[in-house]
Amino acid sequence: MFLKSMELMGFKSFADRTHIDFSPGISALLGPNGCGKSNIVDAVKWVLGEQSTKNMRALKMEDVIFNGTVKRKALNVAEVTLTISNETNILEIDAPEIEIKRRLYRNGDSEYFINNTVVRLKELRELFFDTGIGKTAYSILEQGKIDQILSSRPEERRYLFEEAAGITKYKLKGIEAAKKLEKTRDNIKQVQNILTEVS
Ligand code: ATP
């Protein structure tokens with residue numbers, strides 16, 4: 001599995017549709033200060049479901065939409081697409097290539113897509129569980145992240161090991177199942193109370 005290409009349109013400084021191809025192995029982004037290198041990394045995090053404006057270096061999420069220049073009007077929509085090679089079927093969709101997309105309108109509406117089908121953020125996140133990708137995983141190591149990992153609390157650090165070991169998905173499913181069980185217990189109690197009252 002590797003990131004084959006990405007396309008940005010209306011995202012931060014990328015007003016025009018911009019297509020970037022990556023090859024297997026190491027790719028480097030080079031350019032003068034302020035040319036948009038970090039914006040590309042922001043775009044990868046964003047399409048993977050990042051919800052924190054701080055992590056997007058923005059005050060509000062709409063700030064990721066191209067906000068215009070003296071020569072050019074601001075845009076009303078930002079869109080980022082990642083094309084991921086899935087030949088080894090690490091992502092649980094039976095397709096050799098997977099395209100994920102996030103779109104945000106200036107009125108706050110947002111959409112996520114997997115292979116051009118609208119999905120909920122939850123589904124997009126679940127696709128990347130246990131792959132090391134995903135917004136809280138370790139595939140994006142920015143400046144200071146290693147220090148942060150080394151100085152984090154043991155429980156926080158354990159999350160990274162769980163992700164690498166491939167158990168995050170099962171742990172989250174376990175938590176969801178426990179919640180459902182709790183709800184079902186409450187329902188049974190209520191039914192028993194009603195039965196006691198009517199008998
Ligand atoms: P450095 O090498 O200094 O870290 P960089 O190449 O990583 O720079 P970025 O931080 O990616 O640069 O890009 C900064 C540029 O992006 C700034 O010129 C800023 O004005 C522009 N920018 C950020 N958000 C928007 C937006 N919503 N609309 C238009 N331009 C934006």
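This report describes the fold, strand pairing, helices, unusual backbone angles and ligand surroundings of a predicted model.

## Overall fold

The protein chain holds 5 helices and 6 strands. Read from the N terminus, its elements follow the order β-β-α-β-β-β-β-α-α-α-α.

The chain has a radius of gyration of 21 Å, whereas a compact globule of 199 residues would have one near 16 Å. Along the principal axes, the C-alpha atoms fill a box of roughly 80 × 40 × 40 Å. Of the 199 residues, 17% count as buried. Among contacts with a separation of 6 or more, 51% come from residues 24 or more positions apart.

## Strand pairing at the N terminus

Strand 1 covers residues 2-9 and pairs with strand 3 in the antiparallel sense, over 7 bridges. Within this pairing, Ser-5 stands opposite Thr-83 of strand 3.

Strand 1 also runs antiparallel to strand 2, residues 18-21, and 4 bridges join the two. Here Met-6 of strand 1 stands opposite Ile-20 of strand 2. In a regular strand, side chains alternate between the two faces of the sheet.

## Two hairpins

Strand 4 (residues 97-105) and strand 5 (residues 110-114) are antiparallel and joined by 5 bridges. Arg-102 has Tyr-112 of strand 5 as its bridge partner. The hairpin leaves 4 residues between the strands, and Gly-108 there takes a positive phi near 100°.

Strand 5 then pairs with strand 6, residues 117-119. This pairing is antiparallel as well, with 3 bridges. The bridge partner of Ile-114 is Thr-117 in strand 6. The second hairpin has 2 residues between its strands, and Asn-115 takes a positive phi near 45°.

## The loop between strands 3 and 4

Strand 3 spans residues 77-85, and the loop between it and strand 4 contains Asn-89. Asn-89 is not a glycine, yet its phi is positive, at about 55°. Most residues other than glycine have a negative phi. Asn-89 counts as exposed because it has 11 C-beta neighbours inside 10 Å, and the cut-off for exposure is 12 or fewer.

Pro-96 lies in this loop too. Pro-96 counts as exposed, with 10 C-beta neighbours inside 10 Å. Leaving aside neighbours within four places in sequence, Pro-96 is in contact with Asn-86 and Glu-87. Pro-96 and Ile-84 are 12 residues apart in sequence, and their C-alpha atoms lie 8.6 Å apart.

## Asp-130: buried in a loop

Helix 2 covers residues 121-128 and helix 3 covers 145-150; Asp-130 sits in the loop between them. Is Asp-130 buried or exposed? Asp-130 is buried, because 20 other C-beta atoms lie within 10 Å, and a residue needs 20 or more to count as buried.

The backbone of Asp-130 also stands out: its phi is positive, about 70°, although the residue is not a glycine.

## The C-terminal helices

Helix 4 runs through residues 154-165, 12 residues in all. At 1.5 Å a residue it should span 16 Å, and its end C-alpha atoms are 16 Å apart, so the two agree. The number of buried residues in helix 4 is 1, so the helix lies largely in the open. Just after helix 4, Gly-166 takes a positive phi of about 80°.

Helix 5 occupies residues 168-198 and has 31 residues. From first C-alpha to last it reaches 45 Å, close to the 45 Å expected at 1.5 Å a residue. How many of the 31 residues of helix 5 are buried? The number is 1, so helix 5 lies largely in the open.

## Around the ligand

There are 15 residues around the ligand. The ones that come nearest are Ser-13, Asn-33, Lys-37, Ser-38 and Asn-39. By class, the shell has 8 polar, 4 nonpolar and 3 charged residues.

Key
Residues are numbered from 1 along each chain as its sequence is written. The expected span of a helix is 1.5 Å times one less than its number of residues. A residue is near a molecule or strand if its C-beta atom, placed from the backbone, lies within 6 Å of it. Ala, Val, Leu, Ile, Met, Phe, Trp, Tyr, Cys and Pro count as nonpolar, Asp, Glu, Lys and Arg as charged, and the others, Gly among them, as polar. Two strands pair if DSSP finds at least two bridges between them. The radius of gyration is taken over C-alpha atoms; the globule rule is 2.2 Å times the number of residues to the power 0.38. Two residues are in contact if their C-beta atoms, placed from the backbone, lie within 7 Å.
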